[in-house]
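Trainee: I would like to go through this structure and ask what lies behind each label.
Mentor: Go ahead, one label at a time.

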Amino acid sequence: MAKGFFAKLQIGLAKTRDKFLWGMDNVFYDDAFVDEEFYEELEEVLIMADIGINATSRIIDKLRAQVKEQGIIHRAKCKELLVQNIREQMRTDGDDYSFENKKTVIFIIGVNGVGKTTTVGKLASIYRNKGKKVIIAAADTYRAAATEQLATWAERAQTPIITGREGGDPASVIYDATSAFKARDCDILIVDTAGRLHNKKNLMEELAKMNRIIDKELPGIWRENFIVLDGTTGQNAINQAREFGEAADLTGIVLTKLDGTAKGGIAVAIVSELNIPVKYVGVGEGIDDLERFNSDEFVDALFDVDRDDAETNNDKVEENKEEQENSNG
Ligand code: GDP
């Protein structure tokens with residue numbers, strides 16, 4: 001993980017952190033006792049930070065159990081446990097990026113304005129920098145401006161792009177893209193789709209049609225469906241993921257605009273409520289402003305933990321894991 005990226009995440013989450021830590025300070029004053037009011041106040045702080053009702057309940061239930069078990073009397077003693085519980089809520093088995101090394105088709109799905117086009121460009125650049133042969137399909141043929149904007153991103157990412165005419169059939173773009181994919185022996189095909197949530201039936205039919213072409217032209221190829229969610233929209237992002245989830249089998253989330261949002265806590269809600277891993281996060285409009293999601297790093301940025309210390313700790317954990325694996329094998 002690039003240091004610069006963590007710094008950006010940390011700066012980006014400043015508003016979320018301010019709101020959150022301010023609330024926390026009001027709950028965790030030093031000599032106050034743990035009582036029912038404490039849990040109620042804490043619940044309010046977590047919900048205000050967009051962590052979501054389900055994740056909040058889980059975090060607080062766990063804390064209640066720990067308080068009982070460890071006989072904790074003072075609130076201040078609960079703070080570390082709370083951070084740990086949030087960390088646990090954020091853990092998923094989403095650290096599988098093996099698709100990056102397979103022949104893969106990635107559909108980029110989501111409503112307009114969330115950062116789909118930008119994400120396609122950033123992803124193309126990430127994979128290209130890994131030495132992959134990438135191709136982009138502009139399957140949002142409804143808006144000429146969308147194709148133009150995507151073409152600009154493709155140029156920035158130095159990636160070939162297949163486009164169709166405005167109002168044309170997205171499926172024919174996909175067909176052309178699969179032909180080019182085969183002819184150029186590409187590794188990754190990234191498909192920018194139209195973001196029309198208001199017509200779910202159309203969207204489903206359109207996705208199904210595109211999928212049939214891929215199944216036929218690129219049989220057996222690995223598939224990913226990433227939904228792009230705007231981190232500044234809070235709980236709305238969750239609703240969008242649920243709705244699109246009814247039209248497509250979502251395999252990952254790209255959470256954009258974590259720079260400057262006060263609603264960054266939504267990442268915790270997303271992970272714990274949707275059961276879809278966050279794969280990448282966006283922290284700006286530049287081509288390098290997208291990276292793999294790392295839950296520990298996210299929590300550290302949220303609580304302003306010094307990353308150097310955290311990294312040393314993580315390194316130790318990794319070392320221990322390796323030692324254990326070596327002694328096992
Ligand atoms: P689309 O309609 O979903 O394709 O969205 P676009 O890719 O056109 O992005 C909409 C706006 O969001 C553009 O102005 C982008 O520059 C901006 N954007 C996308 N990702 C990010 C991000 O991570 N951070 C910030 N600050 N802006 C972003």
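Trainee: Where is V111 found?
Mentor: V111 lies in the loop between β1 and α6 (116–129). Helices (H or I, at least four residues) and strands (E, at least two) are DSSP runs, numbered from the N terminus.

Trainee: Why does V111 count as buried?
Mentor: Buried means under 20% relative accessible area, exposed over 50%, and partly exposed in between (1.4 Å probe, protein chains only). V111 has 15% relative accessibility, so it counts as buried. As for distances, V111 and I60 are 51 residues apart in sequence and 33 Å apart in space, C-alpha to C-alpha.

Trainee: What are these values based on?
Mentor: This is a predicted model, in which local features need pLDDT of at least 70 and side-chain atom pairs count only at pLDDT 80 or more, while totals for chains, interfaces and linings use all residues. Residues are numbered from 1 along each chain as its sequence is written, and side-chain values use heavy atoms, with hydrogens and water left out.

Trainee: Why is E40 called partly exposed?
Mentor: The relative accessible area of E40 is 48%. That value falls between the limits for buried and exposed, so the label is partly exposed. E40 sits in helix α3 (residues 36–48).

Trainee: What makes E37, E40, E43 and E44 a patch of negative charge?
Mentor: These residues gather on the surface. Patches are made of residues with over 30% relative accessible area and no salt bridge (a side-chain nitrogen of Lys or Arg within 4 Å of a carboxyl oxygen of Asp or Glu). Like charges are joined within 9 Å, and the place of a Glu charge is taken as CD. Asp and Glu count as negative, so E37, E40, E43 and E44 make a negative patch.

Trainee: How do you know that strands β1 and β4 pair?
Mentor: Two strands pair if DSSP finds at least two bridges between them. Strand β1 (residues 104–109) is joined to β4 by five bridges in the parallel sense, so the criterion is met. One of the contacts places T104 with I188 as its bridge partner in β4.

Trainee: What joins β2 to β4?
Mentor: Strand β2 (residues 134–138) runs parallel to β4, and five bridges join them. Among the partners in β4, I188 stands opposite V134, L189 is the bridge partner of I135, and I190 stands opposite I136. β2 also pairs with β3 in the parallel sense, over two bridges, where A137 stands opposite I162.

Trainee: Why is β4 described as largely enclosed?
Mentor: Five of the five residues of strand β4 (residues 188–192) are buried, so the rest of the structure largely encloses the strand. I188, I190 and D192 point one way, and L189 and V191 the other way. In a regular strand the side chains alternate between the two faces of the sheet.

Trainee: Which are the edge strands, and what makes them so?
Mentor: Eight strands form an open sheet with mixed pairing, in the order β3-β2-β4-β1-β5-β6-β7-β8. The edge strands are β3 (161–162) and β8 (290–292), because each pairs on one side only.

Trainee: How many residues of helix α11 are buried?
Mentor: Nine of the nine residues of α11 (residues 266–274) are buried, and the helix is mostly covered. N275 follows α11 and has a positive phi, near 60°.

Notes:
Patch = residues over 30% accessible without salt bridge, like charges linked within 9 Å, V, L, I, M, F, W, Y side chains within 5 Å. Areas by Shrake-Rupley, 256 points an atom, 1.4 Å probe, with all protein chains shown as cover.
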